[in-house]
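Let's take a look at how two protein chains sit together. Have the model open while you read.

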Amino acid sequence: MSARTILLCFAVIAIGMFMLPQTLSMFSGQHSWYDPKDEGIPCEKCHFLEMAELASGPHSLLYSELYNGSANYSTQGQVGGAAFWGGDTTHHRCHGCHQVGSNVSGEGEWDGRNDTIHAAATIACTDCHPWVDEALDEDVSAHREFYDNLNLTGDGRLLGSNEACIGCHTSSGVNVSWTRSASITFAADKQDGEWQVGGMNATGNNATFISTGG
Amino acid sequence: MKNKVLLLSVAVVAVGLFALPSALSMFAGQHSWYDPKDNGIPCAKCHFLEREELAASGGPHDPDYTEILNMSAKYNVTASSGSAGGAAFWGGNDINDRCFGCHQTAGSKESGGSVPLGSWADHNDTVHAAYAVLCIDCHTWVDDELTDDSAAHRWFYEDLVNDTGAQNLALQNENRACLGCHTHVGVNLTWERNEFVSYNVTCDGTGYNVEWNESDSLGRNTSRFNSSSGWDW
């Protein structure tokens with residue numbers, strides 16, 4: 001074999017080393033798919049932080065105190081556990097919440113929507129805790145304005161009233177800029193021996209900013 | 001005279017030793033062609049890795065998988081939309097048929113797809129052997145689903161589709177989101193999240209006004225990194 005032929009062989013192999021990989025799939029495992037049925041997509045592969053957070057408190061696997069008596073996943077008022085969430089792993093909690101039908105917006109069960117939304121829906125807390133919406137909207141509810149105002153606005157990511165729920169019920173930190181009136185003003189006058197008190201007003205601003213870690 | 005003939009013969013043989021190999025084909029089998037019709041090119045000859053993955057995963061696209069079937073894709077003119085999988089759908093029962101079933105399908109994504117519309121028969125003179133397909137070429141409905149306002153993965157999908165920072169990556173933008181969740185490809189992920197929710201609350205004596213404070217920086221939590229082999233799950 002001539003030196004030219006050997007050189008040609010090397011050239012072909014060298015070119016092949018650059019060209020052939022481009023016709024191969026880019027990642028190992030790229031042609032091996034998870035079976036999506038029975039919640040087969042492993043959420044925790046990416047959502048490892050959420051999985052760690054779900055280790056304690058309500059919605060965790062170990063929590064056995066308060067139960068959702070109103071949500072209607074399968075049977076209304078199930079007392080937690082696999083029958084309620086669809087399985088015994090944290091992974092099932094992901095699907096239990098993010099594939100539940102929205103009963104606030106009236107869009108129906110997940111089976112009726114899984115052709116509309118892929119994999120997971122951004123849910124409102126009140127989808128599963130619907131009584132809270134009415135309870136917070138009561139005239140004597142101290143958090144009525146907090147809830148109602150935030151329920152009307154959105155940051156484009158958090159859904160519905162979630163902006164209010166997260167501050168109180170989760171370990172997220174809270175920044176609050178409080179602007180309150182500095183003084184109460186009212187006019188009091190004693191005419192004909194009787195005290196007459198005019199309408200009360202609030203004046204001045206007292207701004208305070210607090211930042212509380214979760 | 002005899003010596004001259006002998007010397008000439010030796011010279012001819014010596015020259016032949018160098019010249020003849022160059023006149024022969026370089027590789028054994030080089031002049032024996034596969035019949036390309038009926039999926040006759042054996043993809044697994046080079047793509048043994050993909051073949052093993054398709055055969056061993058037990059998941060969708062595996063020849064033995066019979067659970068969830070693609071009810072919308074229309075791969076070719078003979079298989080009707082919603083065919084119940086198997087040979088009628090893929091064009092054959094072998095893994096090799098799966099290769100062609102995906103990489104010779106015509107694109108059905110109407111905008112932005114890398115694969116043109118129409119059947120493979122319309123395009124096999126344009127693109128040789130195989131397309132670099134988009135997952136949504138066959139799973140067309142997913143694009144609409146993932147861009148729905150209520151889809152939790154909307155930003156994940158849209159940002160990767162619109163990512164112009166790594167166009168030279170040999171992977172179509174539309175597929176980048178699909179691989180992480182749906183295949184056994186490992187995932188390296190860095191999360192950096194807001195530390196605080198933030199509210200503006202004002203009380204003017206007549207009532208409270210509460211606003212979601214979008215101007216606050218919300219703080220940044222420490223970046224958290226995790227590397228996950230796709231075969232762990």
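How many bridges join S1(A) to strand S2 of chain B, and do the two run parallel or antiparallel? There are 7 bridges between S1(A) and S2(B), which covers residues 196-203 of chain B, and the two strands run parallel. If you want a spot to zoom in on, try Asn175(A), which stands opposite Ser198(B) in S2(B). Keep in mind that this is a predicted model.

Now step back and look at each chain by itself. Reading along the sequence, chain A goes through its helices and then its strands, in the pattern α-α-α-α-α-α-α-α-β-β-β-β. Chain B runs α-α-α-α-α-α-α-α-α-β-β-β-β from the N terminus on. Here are the basic numbers:

| Chain | Helices and strands | Buried share |
|---|---|---|
| A | 8 helices, 4 strands | 20% of 214 residues |
| B | 9 helices, 4 strands | 25% of 233 residues |

What about contacts inside each chain? Take pairs of residues at least 6 apart in sequence: in chain A, 41% of those contacts join residues 24 or more positions apart. For chain B, the figure is 48%.

Back to where the chains meet. On this interface, 54 residues of chain A are in contact with 63 residues of chain B. Several elements of chain A each supply at least two residues to that side, including helix H2 (48-53), helix H7 (144-152) and strand S4 (201-212). The largest share, 9 residues, comes from S1(A), the strand that is bridged to S2(B). Sorted by class, chain A's side of the interface has 23 nonpolar, 23 polar and 8 charged residues.

Technical notes. Residues numbered from 1 in each chain as written. Chains lettered and ligands numbered in written order. Predicted model: local features only at pLDDT ≥ 70, side-chain atom pairs only at ≥ 80, totals over all residues. Buried ≥ 20, exposed ≤ 12 C-beta atoms within 10 Å, placed from the backbone. Contact = placed C-beta atoms within 7 Å. Nonpolar A, V, L, I, M, F, W, Y, C, P; charged D, E, K, R; others polar. Pairing = 2+ DSSP bridges.
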